[in-house]
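The following note comments on a structure submitted for review. The points concern the ligand site, the sheets and some details of the backbone.

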Amino acid sequence: MPFSSLSQELEARAAQGLLRRRRVLESAQGVHIRVDGKHYLSFCSNDYLGLANHPQLIAGLQQGAAQYGVGAGASHLVSGHFAAHHELEQALAAFVNKPAALIFSGGYLANLGVVQGLVGRGDTVFADKLNHASLNDAMLLSRAGVKRYRHNDVAQLAQQLEQTRSGRKLVITDAVFSMDGDLAPLPQLLALCEQHDAWLLVDDAHGFGVLGAQGRGSLSHFGLASPRLIYMATLGKAAGVSGAFVAAEEVVINTLLQNARSYIYTTASPPALSVALLASLPLIREEGWRREHLLGLIAQLRAGLGDLPWKLLPSATPIQPLLVGGNEAALALSEGLRARGMWVPAIRPPTVPQGTARLRITLSAAHSKQDVSQLIGALHALAH
Ligand SMILES: *Cc1c(COP(=O)(O)O)cnc(C)c1O
């Protein structure tokens, strides 16, 4: 029976401390959540600006549903492309300073679509080894040749580009690495792309809304603009809703519209989500206090966790990973916090390399200084 081999695999996973499981939220997303009947202070969501439960976004969603109903009913290229989608694309393109944008139902789908839509057999994708799983899957799906370079190793990437003589070249990278919180050296990567006539696809899932002037993201943070840059960001993290978009030159967006299978062969997202996102954008842009407060919390956490037995990885973003090492030890620490009413996820292989299991602490503008002090206190207590 094929079932017995499945059970064996699951048991083997459990024995290694690698079984993934879900917990059931009974409240809205936020820093104070109820899970399985208990209340927790949460440090695990990517709702960096605290917008996922904002009254203006809720009103946007309600108004969008009243106007457009619930389901889009068809894919974008059939009859599912609504005025709200269209308006959102234009607003997003303008916000990140690109000529055009295309929205996808999620970041995973956007990455699959961009890479598969732009490169194929005979082309080459160059990828950072710590890229998000969706970028890794995207390059395999594209059937292009693949070269992976060591994390942020610009010199190795230069060599690989040098050795590649034919076909289109696409360098892909997380802008803020999702499990480490550090930044890609985008100016250097872009310079190499200019030199070698390559595109640079930047996945800004964790920078959009958080970094740059008015939260315009990593390109703004570094002051970068180039037609070679293909910008992708997700809308379910700092933007507080769901979905993703790709912003680039018109010719790139028009190509994706023809080629990107994860755009073409799927039902459009509910237009009401676009209305909610149109309510989110002005808050991202105008409420700079959210980013300022977040920076204060990051500094507070880093100052408070300097002298623990676990190493806090260098990161200036709301993703603050505490490196534990072993899977069981990371789980035990996460459980210890849970017993104290705090929820911080343990991240284990294969999401991160073997031997680098960690707590992934994420901060939100919705946290208070006292919330962060509570976490610092609990980690010190658990260290003793
Ligand atoms: C979350 C994430 C994605 C996927 O985005 P979804 O909208 O959640 O599908 C892609 N890339 C990175 C770096 C991410 O962190």
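1. In this predicted model, the shell around the ligand comprises 9 polar, 3 charged and 2 nonpolar residues. Of the 14 residues around the ligand, those that come nearest are Gly107, Tyr108, Asp203, His206 and Lys237. Helix α5, which spans residues 107-118, supplies the largest share of the shell, with 3 residues.

2. Three polar contacts of the ligand deserve to be listed individually. A nitrogen atom of the ligand is placed 2.6 Å from an N or O atom in the side chain of aspartate 203. An oxygen atom of the ligand is likewise 2.6 Å from an N or O atom in the side chain of lysine 237. At tyrosine 108 the partner is a polar backbone atom, which lies 2.9 Å from an oxygen atom of the ligand. As for burial, the ligand taken alone exposes 380 Å², and 80% of that area is buried by the protein.

3. Which strands make up the open sheet of 4 strands, and in what order? The order is β10-β11-β14-β13, and the pairing is antiparallel. Strands β10 (311-312) and β13 (346-347) are the edge strands, each of them pairing on one side only. Helix α14, residues 327-339, packs on this sheet and touches β11 (319-325), β13 and β14. The direction of helix α14 makes about 35° with that of β14.

4. The pairing of β13 with β14 can be described in further detail. Strand β14 covers residues 357-362 and runs antiparallel to β13, with 2 bridges joining the two strands. Within this pairing, isoleucine 347 stands opposite arginine 358 of β14. The loop between β13 and β14 contains proline 350. The peptide bond that joins proline 349 and proline 350 is cis, with omega about 5°. A colleague who prepares the model for calculation may wish to note this bond when reading the loop between β13 and β14, where proline 350 lies.

5. A further open sheet consists of 3 strands in the order β1-β2-β12, with mixed pairing. Why is one side of β1 and of β12 left without a neighbour in the sheet? Strands β1 (32-35) and β12 (342-343) stand at the edges and each has a single partner strand, so one side of each has no neighbour in the sheet. Strand β1 is joined by 4 bridges to β2 (residues 38-42), and these two strands run antiparallel. In this pair, isoleucine 33 stands opposite tyrosine 40 of β2.

6. One backbone torsion also merits mention. Asparagine 152 has a phi near 60°, which is a positive value in a residue other than glycine. Where does asparagine 152 lie? Its place is in the loop that runs between β5 (145-149) and α7 (154-163).

Methods:
Residues are numbered from 1 along each chain as its sequence is written. This is a predicted model: local features need pLDDT of at least 70, side-chain atom pairs count only at pLDDT 80 or more; totals for chains, interfaces and linings use all residues. Side-chain values use heavy atoms; hydrogens and water are left out. Two strands pair if DSSP finds at least two bridges between them. Contact means heavy atoms within 4.5 Å. Axes are lines fitted to C-alpha atoms, for helices over the stretch in contact, and angles run from 0 to 180 degrees between N-to-C directions. A residue is near a molecule or strand if one of its heavy atoms lies within 4 Å of it. A polar contact is a pair of N or O atoms within 3.5 Å; within protein, one must be able to donate a hydrogen and the other to accept it, and residues adjacent in sequence count only if both atoms are side-chain atoms. Accessible areas come from the Shrake-Rupley method with a 1.4 Å probe; for residues, only the protein chains shown count as cover. Ala, Val, Leu, Ile, Met, Phe, Trp, Tyr, Cys and Pro count as nonpolar, Asp, Glu, Lys and Arg as charged, and the others, Gly among them, as polar.
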